[in-house]
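Dear colleague,

I am passing on a structure to you, and below it you will find my notes on what turned up. Please read them with the coordinates open.

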Amino acid sequence: MHRPRTTALLAALGALATATALAAGPAAASERPTVATAVTGTVDASLGLNLHSASPTGAVIGAMPYGTRAHITCWTPGPQVTGPYGATTVWDAVDEYTTPSGENYVFTPGPRVYASDAWIDTGGDTSRMVPRC
């Protein structure tokens with residue numbers, strides 16, 4: 001009689017362990033960072049932040065003023081830049097931005113426009129928030 005109860009108890013504990021492991025699987029997966037299709041960041045460069053055409057080393061085509069809200073769709077590696085958030089080789093692809101005075105600039109389809117992530121506050125690691133371009 002004693003043996004069947006032990007076997008039943010071990011079987012029940014095994015089933016509980018399996019159910020716990022299965023329940024932990026999806027929860028653990030949901031803790032991974034989710035990559036968004038876009039994120040918005042604020043320019044923290046007091047003299048403005050240069051925008052480069054087609055690549056991080058492309059021609060400078062303009063600058064976003066301090067406090068501008070930039071819409072970032074993806075990122076790419078480029079030259080290392082040091083800013084208030086440290087040194088980084090992450091360059092953000094900006095598809096539009098709004099200045100503090102409310103002017104909105106939208107880049108039409110064509111070459112991407114890049115700005116250094118070292119000077120844009122997105123509230124986290126941009127390279128983990130949006131996909132690589």
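Aromatic residues and a neighbouring leucine

Phe107 counts as partly exposed, because its relative accessibility is 27%, a value between the 20% that bounds buried and the 50% that bounds exposed. Please bear in mind that the model is a predicted one.

Going through the rings, I arrive at two aromatic pairs. One of them joins Tyr97 and Tyr105, which are stacked, with 4.9 Å from centre to centre and an angle of 20° between the planes. Of these two residues, Tyr97 is buried, its relative accessible area being 7%, whereas Tyr105 is partly exposed at 35% relative accessibility. Tyr97 also pairs with Phe107, and here the arrangement is tilted, the centres being 6.1 Å apart and the planes 40° apart. Because Tyr97 belongs to strand S5 (residues 86-98) while Phe107 sits in the loop between strand S6 (104-106) and strand S7 (113-116), this pair ties together parts that are ten residues apart in sequence. Tyr97, Tyr105 and Phe107 thus make up one aromatic cluster.

I then looked at Leu51, a residue of strand S2 (residues 49-53), which is buried with a relative accessible area of 2%. Leaving aside residues up to four places away in sequence, the contacts of Leu51 include Tyr97 and Phe107, and among the others are Ile61, Met64, Val113 and Tyr114. Leu51 and Asp92, for their part, are separated by 41 residues in sequence and by 9.8 Å in space, C-alpha to C-alpha.

With best wishes

Methods
Residues are numbered from 1 along each chain as its sequence is written. This is a predicted model: local features need pLDDT of at least 70, side-chain atom pairs count only at pLDDT 80 or more; totals for chains, interfaces and linings use all residues. Side-chain values use heavy atoms; hydrogens and water are left out. Rings of Phe, Tyr and Trp (its six-membered ring) pair if their centres lie within 6.5 Å; planes under 30 degrees apart count as stacked, over 60 as edge-to-face and the rest as tilted. Buried means under 20% relative accessible area, exposed over 50%, partly exposed in between (1.4 Å probe, protein chains only). Helices (H or I, at least four residues) and strands (E, at least two) are DSSP runs, numbered from the N terminus. Contact means heavy atoms within 4.5 Å.
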